[in-house]
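The exercises below concern ring contacts and helix packing. Work through each task with the structure open, then read the solution.

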Amino acid sequence: MHVTRSMKNFNDVATIAIPHIGKIKSKSHSFPERVSLRTLINDRDPVTILLGYNGNLKEEFRGFVKRRGRGMPMVIECEGHIQQQRLDVSINKYYKNTTAKQLLLETCEGTDISVICPVDFPLSGARMVHADGVRILEWIKEASGGALTIFFIKPDVLWCGLTYTAYAADSTANVYNLPTVNYRLGWNCVKDNGLKERVQSEPVQVILNGKLATGNVVMTKSKNEAAVRKLKWLLNHVPDEVTMGKFAQENEWRMNYTGAEGYVNGFLVPYALPGYDAYVSDTDDKDLNGVYLVEQTDVTFGVKGAKRKVKIGPLVGFDK
């Protein structure tokens with residue numbers, strides 16, 4: 001079994017391998033009857049995966065069957081609640097003026113999904129032609145120049161906002177209101193981990209140009225005026241200069257971030273998911289010590305045991 005959840009992907013995914021043939025005992029048969037398990041599992045069936053130790057089980061995945069293999073063992077591919085966005089949503093509408101939250105709420109109508117958007121962001125000129133929910137989520141990210149983070153903070157809850165802007169501040173408050181876990185290298189995770197030092201040799205300044213609803217063309221810049229590299233692009237769906245400036249700064253922080261990045265290889269405990277904070281410590285490299293955002297988790301379970309591979313993101317207060 002393998003489960004991947006990420007802040008950089010709308011979809012939680014899981015694969016489960018089970019025997020192709022099973023035996024069912026019923027009152028009408030003297031002996032257990034052989035059946036193909038594939039005939040008992042249907043596309044869109046709900047799936048929940050719980051893992052843990054000594055009966056203390058935690059939810060690693062909740063979603064639906066996407067497809068079933070025909071081999072032996074039978075591999076069942078599952079996807080999260082994005083399946084409802086993909087299959088149950090079709091919007092044919094033009095939004096002259098809207099917001100990211102409004103678009104997300106409309107994609108969630110008729111589904112089990114709710115939305116958290118701590119700060120709403122105005123958008124304009126959104127033309128949807130029989131667009132499913134996935135296409136609309138992609139449009140929102142594209143309209144922000146890739147600045148907005150959109151992910152399932154819970155299996156049925158979409159979160160939308162700016163990540164690096166929140167973590168740049170010198171604060172230990174978790175913007176996602178989720179727990180903090182502790183990883184001590186060589187103690188509750190392997191010493192030879194996948195962490196590397198990211199060094200930005202050529203810092204950039206982000207310059208965004210756009211045309212407002214009034215017809216005026218505006219230009220916004222991120223803070224790093226001293227950067228030699230200037231990255232320029234157009235954002236024509238952002239209706240005000242203030243919002244455009246926030247998107248420019250988010251992209252600059254994301255591209256100029258320096259510090260540790262990569263993976264910590266641990267076990268099922270401590271339990272961590274994307275959006276958690278992780279305090280990482282190393283007795284041999286104290287410069288590494290700090291609180292980092294958990295961006296992605298990969299959980300595997302099989303005959304060799306269970307592991308949780310955690311990808312860390314920005315350090316809290318990296319721009320202090």
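**Exercise 1. Charges over rings**

Task: In this predicted model, find the ring over which the charged end of K58 sits, and find the ring whose face K309 lies over.

Solution: Start from K58: its charged end sits over the ring of Y271, at 5.8 Å from the ring centre. The cut-off for this distance is 6 Å. Then take K309, which lies over the face of Y263, 4.4 Å from the centre of that ring.

**Exercise 2. Aromatic pairs**

Task: Count the aromatic pairs, then classify the pair of F151 and Y176.

Solution: Pairs require ring centres within 6.5 Å, and the count by this rule is 8 aromatic pairs. The rings of F151 and Y176 are 5.7 Å apart, centre to centre, with 85 degrees between their planes, and the pair is edge-to-face. Next, locate the two residues: F151 belongs to strand 11 (residues 149-154), while Y176 is in the loop between helix 4 (164-168) and strand 13 (180-184), so the pair links distant parts of the chain, 25 residues apart. Relative accessible area is 0% for F151, which is buried, and 4% for Y176, also buried.

Task: Repeat the classification for Y164 and Y257.

Solution: The ring centres are 6.1 Å apart and the planes stand at 70 degrees, so this pair is edge-to-face. Y164 lies in helix 4 and Y257 in the loop between helix 5 (241-256) and strand 18 (259-266), so the pair ties together parts 93 residues apart in sequence. Both Y164 and Y257 are buried.

Task: Which residues do ring pairs link into a cluster with F151?

Solution: The cluster consists of F151, W159 and Y176.

**Exercise 3. Helix 2 and its surroundings**

Task: List the buried residues of helix 2 and some of the elements that cover them.

Solution: In helix 2 (residues 100-108), the buried residues are A100, L103, L104, E106, T107 and C108. Their cover includes helix 1 (82-88), strand 8 (91-99), strand 10 (122-131) and helix 3 (133-143). Just after helix 2, G110 has a positive phi of about 85 degrees.

Task: Describe how helix 2 packs against helix 3.

Solution: The two axes come within 10 Å and cross at roughly 170 degrees. Angles over 145 degrees count as roughly antiparallel, so helix 2 is roughly antiparallel to helix 3. Helix 2 contributes A100, L103, L104 and T107 to the contact, and helix 3 contributes G133, I136, L137, W139 and I140. By class, the contact residues are 7 nonpolar, 2 polar and no charged.

Key. Residues numbered from 1 in each chain as written. Predicted model: local features only at pLDDT ≥ 70, side-chain atom pairs only at ≥ 80, totals over all residues. Heavy atoms only, no water. Phe/Tyr/Trp six-rings, centres within 6.5 Å; stacked < 30°, edge-to-face > 60°. Helix = DSSP H or I, 4+ residues; strand = E, 2+ residues; numbered from the N terminus. Buried < 20%, exposed > 50% of the residue type's maximum accessible area, 1.4 Å probe, protein only. Lys NZ or Arg CZ within 6 Å of the ring centre and 35° of its normal. Contact = heavy atoms within 4.5 Å. Axes fitted to C-alpha atoms, helices over the stretch in contact; angles between N-to-C directions. Parallel < 35°, antiparallel > 145°, perpendicular 65-115°, else oblique. Nonpolar A, V, L, I, M, F, W, Y, C, P; charged D, E, K, R; others polar.
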